[in-house]
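Visitor: Please show me how to read the contacts between a protein and its ligand.

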Amino acid sequence: MSIRPLTLVEYIGQEEVKKQVRVLIDSAKKRVESLDHIILAGPPGLGKTTLATVIATEMGSQIKVTSAPVIEKKGDIVGLLTSLKDGDILFIDEIHRLSPAFEEILYPAMEDFKLDIIIGGGVGKKRYSKAITLDLSRFTLIGATTRIGMLSDPLLSRFGVILTLDYYTEGELSEIVKRVAQIMAVEIEEEACMEIARHSRGTPRIANKILKRVYDFSLSHNRERIDTDTVRQALRLFSIKDYGIDSLMLKYLRILVESFHGGPIGLTTLCSALNEDRKTIEEVIEPFLLRMGFIKKTKVGRVAQGKAFEFLSNFRDT
Ligand code: ADP
């Protein structure tokens with residue numbers, strides 16, 4: 001059994017998104033038509049690819065999975081589109097990285113299920129090229145993005161639905177850990193699942209990764225049952241810090257708290273101090289820090305909260 005959930009029931013959390021998906025699927029099935037094109041937005045590791053495969057399973061559709069950076073030539077995208085059958089789902093990860101030329105191929109494909117291509121042939125003076133329009137099957141495009149702000153307006157407007165995934169609560173992450181442990185036939189205590197959840201930065205991918213390291217640790221130490229103590233020792237061994245904060249977030253907090261005494265500081269100053277663009281700061285770094293209550297956005301700039309000061313002082317000690 002795969003650790004990736006296959007159905008909506010197995011997909012834990014994201015209740016609002018699941019409600020919307022359920023309605024879209026029910027309606028498409030009753031209309032006996034393909035689903036409208038969908039954008040899945042949200043930080044990495046929150047379950048966008050998983051949700052796309054869940055949607056395909058629930059629809060009884062085939063899914064082709066690709067990622068914008070691997071689409072290098074026009075032929076790649078034309079080949080993908082023409083290989084789809086009615087009801088199939090095409091999943092393009094990191095769709096914000098699709099080049100404008102390829103986006104333009106998608107517009108008529110998404111809107112009218114048509115593909116405008118130029119074919120050429122002949123030799124020497126008899127060379128010719130002509131534009132032809134191909135009919136495509138009625139497919140569904142699911143695009144995933146960590147940076148919705150980077151999507152061009154014309155592309156975004158061709159998606160019928162935008163579903164935004166949010167960070168998971170510790171309770172939900174603990175459920176995810178419990179489910180995966182069961183699949184892996186690993187014995188783990190309830191409180192140990194919560195301890196893993198607390199270090200997973202709201203992200204199932206991190207939770208699953210920590211569980212694997214904890215399992216390695218328990219095997220190597222011949223522990224049959226994983227308890228909180230085992231989790232803590234494994235976290236220490238593998239240097240997994242509190243809240244699973246990553247280096248970019250840590251750098252952000254240090255600049256705000258240590259270099260600017262907690263702020264307020266403006267976005268432009270943060271950009272140059274971190275050497276990052278506005279979008280990375282606003283869409284990748286800040287959502288988690290806001291959610292954790294580490295920072296607040298005010299009219300005069302970003303301000304560190306007590307929790308951020310506390311976190312950094314404990315962090316230095318560990
Ligand atoms: P993304 O595409 O957003 O980067 P993935 O879909 O690859 O994230 O998910 C990362 C991992 O987390 C997968 O291995 C998947 O099993 C797990 N996962 C994600 N969302 C859920 C969920 N809602 N319930 C259970 N497991 C999940």
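Visitor: Which atom of the ligand does the backbone of I12 approach?

Guide: A polar contact is a pair of N or O atoms within 3.5 Å. Here, a backbone N or O atom of I12 lies 2.7 Å from a nitrogen atom of the ligand. The model is predicted, with pLDDT of at least 70 needed for local features and 80 or more for side-chain atom pairs, while totals for chains, interfaces and linings use all residues. Residues are numbered from 1 along each chain as its sequence is written, and side-chain values use heavy atoms, without hydrogens and water.

Visitor: What do the side chains of T49 and R205 contact?

Guide: T49 has a polar side-chain atom 2.6 Å from an oxygen atom of the ligand. For R205, a side-chain N or O atom is 2.9 Å from a ligand oxygen atom.

Visitor: How much of the ligand's accessible area does the protein cover?

Guide: Accessible area comes from the Shrake-Rupley method with a 1.4 Å probe. On its own the ligand has 560 Å², and the protein covers 93% of that.

Visitor: How many residues surround the ligand?

Guide: A residue counts as near if one of its heavy atoms lies within 4 Å. By that rule 17 residues surround the ligand, and I12, G45, K48, T49 and T50 are the closest.

Visitor: Which domains supply at least three residues each to the shell?

Guide: Domain bounds come from an automatic or database domain assignment. Domain 1 (15-120 + 129-164) and domain 2 (170-240) each give at least three residues to the shell around the ligand. The chain also has domain 3 (244-317).

Methods. A polar contact is a pair of N or O atoms within 3.5 Å; within protein, one must be able to donate a hydrogen and the other to accept it, and residues adjacent in sequence count only if both atoms are side-chain atoms.
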